[in-house]
Amino acid sequence: MTTALAVDRPPLPADPSPISLAYQHEHPSQAYGFDDTLERWTVTARIDVDVLGEGMAARGDADQETLDAIDDVPVGRMSFLRVRMFGPDNPFNAMDSYTGDVSRIGECVLDVVLGEFARDFEELLAHPVGDLLVMDRRVILEPVWRGFGLGPVLAGVAIRRLSPDCTAVLCEPGSADGREMAQEQHREAAAKLARGRSRIGFEPFQHGVHFLDCHLQRPLDLLAERQKEFIALCRPWSAHGHRCGAGI
């Protein structure tokens, strides 16, 4: 039994099956600074207004005025950085220019002078050739969507989409939603996030940094398990005649 189906959880706010992920990446026509080495991606999870309206209209749940007034249902968001290892710049310098968190990750896995993989990190990788994908922020879910196990499956699907030609995905589990925390609360939050990341294949490296090897089968197998859990989460809605499917 997964945490997504635990009996002490409040009910889901809506059928989760139509959740979709939108990917946004902007760049200038002429590169500025480290634009050719560092790509910034924002991923938004939502239920699209058109899909929501179609379902309500098919069930006869709302009149036209109500349908015209509905909007997208926000579910959560994530942020990623793709670090080009063979770009025009030293990849560590590019990471160091972004945020302190990303810089610390770079210091952990790269030779900061040469801009290559640090030897101890390289030795852990099945095929240490390719770019790095940094999960800059954890999955930040809207409050009503928390507690159902959606974070790992959303992160896993986004990583699957963004990681072609990457050798590894990196993260530093920690609270990233702006809340003020005591040191012990921060440690507990980081440990909880690390457990969630391990459910899609992240492993601890050092100094709080975790990595997912893109060339291993295990992350794919774990994502398949998380997707089965997602389908199970949809099943009660399907049983009551709602639209259901592995919408993400």
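Good morning. I begin with a network of salt bridges that links Glu-39, Arg-82, Arg-84 and Asp-131. Please bear in mind throughout that this model is predicted.

Within that network, let us look at one pair. The side chains of Asp-131 and Arg-82 form a salt bridge, with an N to O distance of 3.1 Å. Asp-131 belongs to strand E6 and Arg-82 to strand E3, so that distant parts of the chain, 49 residues apart, are linked by this pair. Are these two residues buried or exposed? Asp-131 has a relative accessibility of 6%, and because buried means under 20%, it counts as buried. Arg-82, with a relative accessible area of 8%, is buried for the reason just given.

As a general remark, side chains of opposite charge can pair when their charged atoms come close. In this model the count comes to 10 salt bridges, and I shall describe two further examples.

The next one joins the side chains of Glu-172 and Arg-104, at 3.9 Å from N to O. Where do these two residues lie? Glu-172 is in the loop between E7 and helix H7, which spans 183-198, while Arg-104 is in helix H4, residues 100-109; the pair therefore ties together parts that are 68 residues apart in sequence. Here the surroundings are partly open: Glu-172 is partly exposed at 27% relative accessibility, and Arg-104 is partly exposed with a relative accessible area of 42%.

The last example is local. Glu-229 and Arg-226 meet through their side chains in a salt bridge of 2.9 Å, N to O. Both residues lie in helix H8, three residues apart, which is about one turn of the helix. Glu-229 is buried, at a relative accessible area of 16%, and Arg-226 is buried as well, at 7%.

I turn now to the interior. The largest nonpolar core contains 34 residues. Which residues have the most contacts inside it? They are Ile-19, Val-75, Met-78, Phe-80, Trp-145, Leu-150 and Leu-154. Several elements give two or more residues to this core: strands E1 (19-24), E2 (38-47), E3 (73-83), E6 and E7 (166-171), together with helices H6 (150-162) and H8 (218-239). The largest share, eight residues, is supplied by H6.

Strand E6, residues 131-141, also holds Arg-137. The C-alpha atom of Arg-137 is separated by 5.4 Å from that of Ser-79, although the two residues are 58 apart along the chain. Arg-137 itself is partly exposed, with a relative accessibility of 28%.

Finally, the surface. Which residues form its negative patch? Glu-116, Asp-120, Glu-122 and Glu-123 do so. Of these, Glu-116 is placed in strand E5, residues 116-117, and is partly exposed with a relative accessible area of 46%.

There is also a nonpolar patch on the surface, made of Val-112, Val-113 and Leu-114, with about 290 Å² of accessible area together. Val-112 sits in the loop between strand E4 (110-111) and E5. At 34% relative accessibility, Val-112 counts as partly exposed.

To close, I return to the opening theme: Asp-131 in strand E6 pairs with Arg-82 in strand E3, and both strands are among the elements that give two or more residues to the largest nonpolar core. Thank you for your attention.

Conventions
Residues numbered from 1 in each chain as written. Predicted model: local features only at pLDDT ≥ 70, side-chain atom pairs only at ≥ 80, totals over all residues. Heavy atoms only, no water. Helix = DSSP H or I, 4+ residues; strand = E, 2+ residues; numbered from the N terminus. Buried < 20%, exposed > 50% of the residue type's maximum accessible area, 1.4 Å probe, protein only. Patch = residues over 30% accessible without salt bridge, like charges linked within 9 Å, V, L, I, M, F, W, Y side chains within 5 Å. Areas by Shrake-Rupley, 256 points an atom, 1.4 Å probe, with all protein chains shown as cover. Salt bridge = Lys/Arg side-chain N within 4 Å of Asp/Glu carboxyl O. Lys, Arg positive; Asp, Glu negative; His and termini not counted. Charge placed at Lys NZ, Arg CZ, Asp CG, Glu CD. Core = buried A, V, L, I, M, F, W, Y, C linked by side-chain atoms within 4.5 Å.
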